[in-house]
Amino acid sequence: MTQKPSILVARAVFPGVIEKLSQHFVVDANQDDVLFTPDQLKQRLQGKQGVFTTGSERIDAGVLAVCPSLKICANMAVGYNNFDLDAMTAAGVLATNAPDVLTETTADFGFALMMATARRIAESEHFLRAGLWNRWRYDMFTGTEVHGSTLGIVGMGRIGQGIAKRGALGFGMKVIYHNRSQLDAATEAQCHATYVGKEELLRTADHVVLVVPYSAASHHTIGAPELALMKSTATLTNVARGGIVDDAALAKALREGQIAAAGLDVFEGEPSVHPDLLTVPNVVLTPHIASATVGTRRAMANLAADNLIGFLVSCKPVTPLNPQVLP
Ligand code: GLV
């Protein structure tokens with residue numbers, strides 16, 4: 001009998017997924033959810049052909065150089081900025097991510113975070129819980145209109161398109177977007193969205209929502225100069241990645257009333273959060289949970305597992321990022 005391939009599951013995951021993987025592999029499962037240092041990760045990868053990652057494990061040339069048995073890294077995330085894809089391709093290591101299964105759930109959350117931000121839901125709840133509510137007032141927690149306003153989406157991939165449809169069809173919003181490339185006319189029509197330059201988007205949107213993947217080119221897509229272009233009544237929501245926004249500049253803009261409010265699910269250097277963001281009231285902060293429903297997280301974990309099984313068992317990964325390494 002041939003020996004089963006060995007894999008590492010680098011973070012805790014649904015027990016059913018570990019059981020499924022165990023039917024095909026010798027599994028080293030980190031169900032205690034220890035956060036490996038880079039050296040510990042390299043050590044645990046010794047002799048492994050595959051690794052199930054979650055976005056918190058960095059796979060780069062340094063890791064690949066000392067893990068020659070590694071053939072596939074399967075991310076349980078649609079974003080894969082934890083992978084150095086060029087280095088993986090150069091080393092002949094397959095990378096896979098988990099697209100599609102989280103699109104609608106993440107679009108729901110992006111829209112919810114934008115609405116919570118516009119309507120000051122977290123800030124007013126903190127006020128109530130602090131026992132400060134002693135009367136109704138005409139101007140208490142007045143926010144920014146959502147229905148009928150202008151929604152500006154930066155990054156019009158699958159999730160951006162989902163948010164656009166929610167805004168246009170559900171809330172009668174005018175939708176403008178900016179993207180590396182303009183969408184084809186049929187997709188624009190389905191999303192009821194109009195392509196504009198980044199500066200026009202920032203100047204005219206009432207609600208700016210960021211859904212752009214992180215890369216060196218998208219680092220600080222929103223910093224002090226961009227915040228200065230936005231309306232003082234506008235909101236900014238980031239469900240993309242930390243580093244897309246300059247968090248220090250954002251905290252300053254929020255404190256100075258340069259924009260009305262922000263909603264952030266992702267942070268530079270998370271799980272650390274810039275201390276200035278923790279002290280400004282007009283920001284809704286959530287701990288990177290945009291895809292977090294039980295059904296979607298299960299689907300993401302199963303897709304990562306299916307990529308490992310598909311590739312290591314029959315050389316047919318489901319969602320390869322660098323298919324050029326396939327034989
Ligand atoms: C979550 O952030 C993901 O990329 O799936």
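Start by selecting P271, which is found in the loop between β11 (261–264) and α12 (275–279). Helices (H or I, at least four residues) and strands (E, at least two) are DSSP runs, numbered from the N terminus. Show the backbone here: the peptide bond from E270 to P271 is cis, with omega near 15 degrees. As background, most peptide bonds are trans, and most residues other than glycine have a negative phi.

Before moving on, a word on the model: it is predicted, with local features needing pLDDT of at least 70 and side-chain atom pairs counting only at pLDDT 80 or more, while totals for chains, interfaces and linings use all residues. Residues are numbered from 1 along each chain as its sequence is written, and side-chain values use heavy atoms, with hydrogens and water left out.

**Two positive phi values**

Next, pick D100, in the loop between β5 (94–96) and α5 (103–118). Phi of D100 is near 70 degrees, a positive value in a residue other than glycine. Is D100 buried, exposed or partly exposed? D100 has a relative accessible area of 48%, so it counts as partly exposed. Here buried means under 20% relative accessible area, exposed over 50%, and partly exposed in between (1.4 Å probe, protein chains only).

Now go to R120, in the loop between α5 and α6 (121–129). R120 is not a glycine either, yet its phi is positive, at about 60 degrees. With 25% relative accessibility, R120 is partly exposed.

**The ligand**

Select the ligand and expand to the residues around it: A77, V78, G79, L102, R241, H288 and M300. A residue belongs to this set if one of its heavy atoms lies within 4 Å of the ligand. The shell divides into four nonpolar, two polar and one charged residue. In this count Ala, Val, Leu, Ile, Met, Phe, Trp, Tyr, Cys and Pro are nonpolar, Asp, Glu, Lys and Arg are charged, and the others, Gly among them, are polar.

Which distances are worth drawing?

- From V78, a backbone N or O atom lies 2.8 Å from an oxygen atom of the ligand.
- From G79, a backbone N or O atom lies 2.8 Å from an oxygen atom of the ligand.
- From H288, a polar side-chain atom lies 2.6 Å from an oxygen atom of the ligand.

On its own the ligand has 190 Å² of accessible area, and the protein covers 85% of it. Accessible areas come from the Shrake-Rupley method with a 1.4 Å probe; for residues, only the protein chains shown count as cover. The distances just listed are polar contacts, that is, pairs of N or O atoms within 3.5 Å; within protein, one must be able to donate a hydrogen and the other to accept it, and residues adjacent in sequence count only if both atoms are side-chain atoms.

**Helix α1, side by side**

Colour helix α1 (residues 15–22) by accessibility, and you will find V17, I18 and L21 buried. They cover an arc of only 100 degrees around the axis, so they sit on the same side of α1. The arc is that of the directions from the helix axis to the C-beta atoms. Turn to the other side of α1, where P15 and E19 are exposed. What do the buried residues of α1 pack against? Their partners are β1 (6–9), β2 (26–29), β3 (50–53) and α13 (294–314). Contact means heavy atoms within 4.5 Å.

**R166 in α7**

Move to R166, in helix α7 (residues 158–171). Its side chain reaches the backbone oxygen of G162 at 2.9 Å. Leaving aside neighbours within four places in sequence, R166 is in contact with E104, A107, D108, F111 and F171.

**K231 and T150**

Select K231, in the loop between α10 (224–229) and β10 (235–238). K231 has 29% relative accessibility and is therefore partly exposed. The side chain of K231 reaches the backbone oxygen of T204 at 3.3 Å. Not counting residues up to four places away in sequence, K231 touches L202, R203, T204, A205, D206, Q258 and I259.

Then add T150, in strand β6 (residues 150–154). T150 has a relative accessible area of 14%, so it is buried. Leaving aside neighbours within four places in sequence, T150 is in contact with K174, I176, T204, A205, D206 and H207.

**Last stop: D32**

Finish at D32, in the loop between β2 and α2 (38–44). With a relative accessible area of 71%, D32 is exposed. Measure across to S272 if you like: D32 and S272 are 240 residues apart in sequence and 21 Å apart in space, C-alpha to C-alpha.
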